[in-house]
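Hi everyone, thanks for coming along. Please have the sequence and the model up on your screens, and let's take a walk through it together.

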Amino acid sequence: MRTSLRARLTSWDYILAALVVVLLVAASLTQPGFAGGFNFANSVSQMSDKALLVLPLALLIIAREIDISVASVAGLSGVVLGMALEAGGPLPLAITLALLAGTLCGALNGVLVTFVGLPSLVVTLGTLALFRGLCYVLLGGTPITDIPLSLTTFGNETIPRTYVPWDIVPFLVLAPLFALYLHRTAAGRRTYAIGGGPDIARYAGVRLNRIRFGLFVVSGAVAALAGVITVARTSQAAPDGALGFELDAITVVFLGGVSVLGGKGRMPGVCWALVLVVGLRSMLQLGNVSGYAQSAAVGALLILSLLATNTAHRVHAALTRRRLRALAVRESAVP
Amino acid sequence: MMRRRSIALAVTLALGAAVSGCAGEDGGASKAADTCSSGPVTVGYLPKLGTDPYMTTLRDGAKAAAEEIGGEVVYTAPSEATGAAQIPFVNQLIAQKVGAIVISGSDLNGAAAALRKARRAGIKVISVDSDVATDARSLFVNQAKTSELGAKMLDSMAELIGHKGEFAVLSSTETAVNQNAWIEDMKSRLATDPKLKDMKLVTVAYGQEKADVNAQKAKSLVQAYPKLKGIIVPAGIGLPAAAEALSQTGDLGRVKLTGLAPASLIKKYIRGGDVQDIWWNVHDLGGLSYHAAQALAQCKVKAEPGERIPAGELGTYTVGERGEVVLGPATVVTPKNIDDFEF
């Protein structure tokens with residue numbers, strides 16, 4: 001019982017949760033307007049599209065893969081949405097086409113990684129440039145601004161009589177589903193197994209390529225949804241929509257305790273990391289801290305978190321070694 | 001068990017924050033849109049990029065005006081030049097309850113919805129330097145009429161080369177909207193204006209908004225056209241690069257330059273008399289935008305065409321069509337007036 005309590009207190013999820021609480025309390029006390037509903041709604045809405053990108057990325061990184069093309073997929077899907085609307089298509093059809101485009105992008109990544117066998121970092125680095133380039137080829141430099149009111153309302157207003165912005169709803173629906181998949185299904189356990197050791201997983205009968213391909217397709221589809229939200233939030237389909245979002249998303253995943261080497265990390269941790277980044281950015285924003293300094297702060301947070309976990313692991317390993325040695329000495333002393 | 005509890009905790013916290021938000025203060029959106037301040041207000045300045053020297057000069061102009069008539073300047077700094085990146089900064093200024101927002105739009109629509117939200121909260125919105133969607137702001141404080149600049153550059157070139165001889169244009173990119181409009185203006189005036197009948201535009205080259213490409217193109221233009229007497233460079237990066245390159249090869253003097261660029265970047269070449277520049281006083285642009293913001297916030301003007309905005313030492317400006325206020329004709333920068341330009 002004692003060890004489980006200690007394990008719980010030192011688990012990364014709980015450290016993050018504690019950090020979140022400290023940050024929220026500190027910010028509420030020091031920044032006027034932080035605790036207000038208006039700031040809550042804006043800060044949450046601001047991350048609504050990036051938050052979606054985080055979910056499939058966490059799964060991919062746990063499976064020892066990565067998809068850095070997510071922001072470009074989001075941008076391209078937004079462009080498809082805008083062009084469909086411009087051509088006179090109804091909104092539901094335009095959104096469907098955008099989601100389809102994102103899914104196809106994800107499938108392309110998936111095929112190149114699983115069936116052709118190329119490393120995912122290189123593949124998605126290529127498609128990052130490819131999909132972003134397509135945005136400019138398709139649209140030129142001029143954004144499409146004729147976005148229906150219902151969509152811009154979705155991106156800019158809150159649910160009536162609450163301070164919950166509409167555009168965070170897709171995340172609130174999807175996040176529990178991703179957590180359930182990862183922590184409660186056989187496929188989720190296989191995802192961990194692939195990340196923990198692909199060869200062992202293969203011998204254990206896990207169909208690696210099928211799961212990997214599925215993850216890339218889901219990543220594409222969810223990125224497309226994020227792209228639709230970006231269009232809604234910014235009232236335009238721009239070729240530079242969602243530009244650079246992949247870095248924030250990857251930061252949150254690592255901050256959430258997902259291992260770079262795969263096989264480790266949990267959804268609650270990732271969600272706490274998301275809240276932490278949202279809260280930190282919001283606090284700095286109200287303090288009129290520049291965009292550059294905000295990015296620096298988030299970067300520093302990531303480095304510090306890595307240092308903290310690394311140190312904790314070392315201390316833990318050292319303690320274990322010492323206990324084992326003491327045990328061995330006692331046993332040899334009493335034959 | 002632990003995992004489930006952790007998820008539950010996250011959800012509870014989020015809901016708690018949402019609900020406490022409901023019970024909290026008024027979101028600001030229900031305030032009347034026509035609030036008038038009785039005195040000077042705080043004005044939030046929102047540039048495309050916080051580090052842009054054009055924008056920091058503009059900010060200094062606004063701060064100087066604030067010392068003159070009271071009120072305060074809050075300067076914010078997005079790190080990416082997209083309309084979307086400006087949204088959190090607009091929201092920040094709303095949450096801080098500034099009286100007016102002055103924005104240089106990174107694009108027309110990116111932050112427009114947030115700006116409309118600000119206007120609903122009673123905050124006056126002005127665009128400066130680069131416009132946003134017309135219904136998202138009341139006034140657009142413009143540095144110069146776009147249509148005027150092409151003619152000014154051609155006149156400057158005519159003066160430099162004595163209304164006679166071959167010249168070239170070194171533009172930015174093939175698709176640049178303003179530049180192409182200016183070049184068309186130049187071509188049509190060359191064809192019709194008798195005063196310019198001895199001048200010949202030999203070619204249009206493109207410097208791609210890169211210093212090294214501009215330098216290279218300027219050198220090859222001089223070699224390709226031995227009789228070339230001048231180059232018009234209507235791009236802020238191009239003109240300093242071309243001046244630097246031609247001064248190194250020793251061609252500057254035989255070949256004159258004019259165009260559009262921050263005067264401070266080519267000060268020494270302008271002093272030498274071989275380079276002219278069409279520019280405006282960015283410091284004054286900041287001052288005018290600040291005066292306009294205070295006048296709007298105190299309901300001294302309503303942003304209707306024909307209204308007059310007093311701007312202290314700068315004089316009085318008239319609101320034009322679609323709420324456009326023009327700082328004034330751009331100036332030809334010569335050795336005589338170069339010291340008036342801080343940027």
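Let's start at Cys299(B), which counts as partly exposed because its relative accessible area is 33%. Before I go on, please keep in mind that this is a predicted model. Cys299(B) sits in the loop between α10 and β11 of chain B. Its backbone deserves a glance too: phi is about 55 degrees, a positive value, although Cys299(B) is not a glycine.

So which residue is joined to Cys299(B) by a disulfide? The partner is Cys36(B), with 1.8 Å from S to S. The two ends of that link are distant parts of the chain, 263 residues apart. Cys36(B) is in the loop between α1 (2-23) and β1 (42-46) of chain B, while Cys299(B) is in the loop between α10 (282-297) and β11 (308-310). If you look along the S-S bond, the angle about it is -85 degrees, and the link is left-handed. Like its partner, Cys36(B) is classed as partly exposed, because its relative accessibility is 49%.

How many disulfides does the structure hold over all chains? One, and you have just seen it.

Now some context for chain B as a whole. It has 343 residues, and 55% of them count as buried. Its secondary structure comes to 10 helices and 14 strands. Along the principal axes, the C-alpha atoms of chain B fill a box of roughly 80 × 55 × 35 Å. Take the contacts in chain B with a separation of 6 or more: 71% of them are between residues 24 or more positions apart. The accessible surface of this chain is about 14,400 Å², and carbon and sulfur atoms account for 53% of it.

Let's go inside chain B and follow some of its strands. Please find β4(B), residues 124-128. Is β4(B) enclosed or open? All the counting points one way: five of its five residues are buried, so the strand is largely enclosed by the rest of the structure. Both of its faces are covered. On one side you have Lys124(B), Ile126(B) and Val128(B), and on the other Val125(B) and Ser127(B). Notice that a lysine, Lys124(B), is among these buried residues.

What pairs with β4(B)? One partner is β3(B), residues 100-103, which runs parallel to it and is joined to it by four bridges. You can spot the pairing at Ala100(B), which stands opposite Lys124(B). Another partner is β5(B), again in the parallel sense, over three bridges. Here, Val128(B) stands opposite Val141(B).

Stay with β5(B), residues 139-142, for a moment. Leu139(B) and Val141(B) point one way, Phe140(B) and Asn142(B) point the other way, and all are buried. Moving on from there, β5(B) pairs with β13(B), residues 324-326, in the parallel sense over three bridges. The bridge partner of Asn142(B) in β13(B) is Val326(B). So you can step from β3(B) to β4(B), from β4(B) to β5(B), and from β5(B) to β13(B).

Now over to chain A, please. Leu108(A), Leu130(A), Leu134(A), Val137(A) and Leu138(A) make a nonpolar patch on the surface, with about 420 Å² of accessible area together. Where does the largest share of that patch come from? Helix α6 of chain A, residues 120-139, supplies four residues. One of the patch residues in helix α6 is Val137(A). Val137(A) counts as exposed because its relative accessible area of 67% is over the 50% cut-off.

For a contrast, find Ser77(A) in helix α4 of chain A, residues 70-86. Ser77(A) has a relative accessibility of 1%, which means that it counts as buried. Leaving out residues up to four places away in sequence, Ser77(A) touches Ala98(A), Gly102(A) and Ala224(A).

My last stop is Arg161(A), in the loop between α7 (149-156) and α8 (169-184) of chain A. Its phi is near 65 degrees, another positive value in a residue other than glycine. Is Arg161(A) buried or exposed? At 78% relative accessibility, Arg161(A) counts as exposed.

That's my tour. Thanks for listening!

Key. Residues numbered from 1 in each chain as written. Chains lettered and ligands numbered in written order. Predicted model: local features only at pLDDT ≥ 70, side-chain atom pairs only at ≥ 80, totals over all residues. Heavy atoms only, no water. Buried < 20%, exposed > 50% of the residue type's maximum accessible area, 1.4 Å probe, protein only. Pairing = 2+ DSSP bridges. Patch = residues over 30% accessible without salt bridge, like charges linked within 9 Å, V, L, I, M, F, W, Y side chains within 5 Å. Areas by Shrake-Rupley, 256 points an atom, 1.4 Å probe, with all protein chains shown as cover. Salt bridge = Lys/Arg side-chain N within 4 Å of Asp/Glu carboxyl O. Disulfide = S-S within 2.5 Å. Contact = heavy atoms within 4.5 Å.
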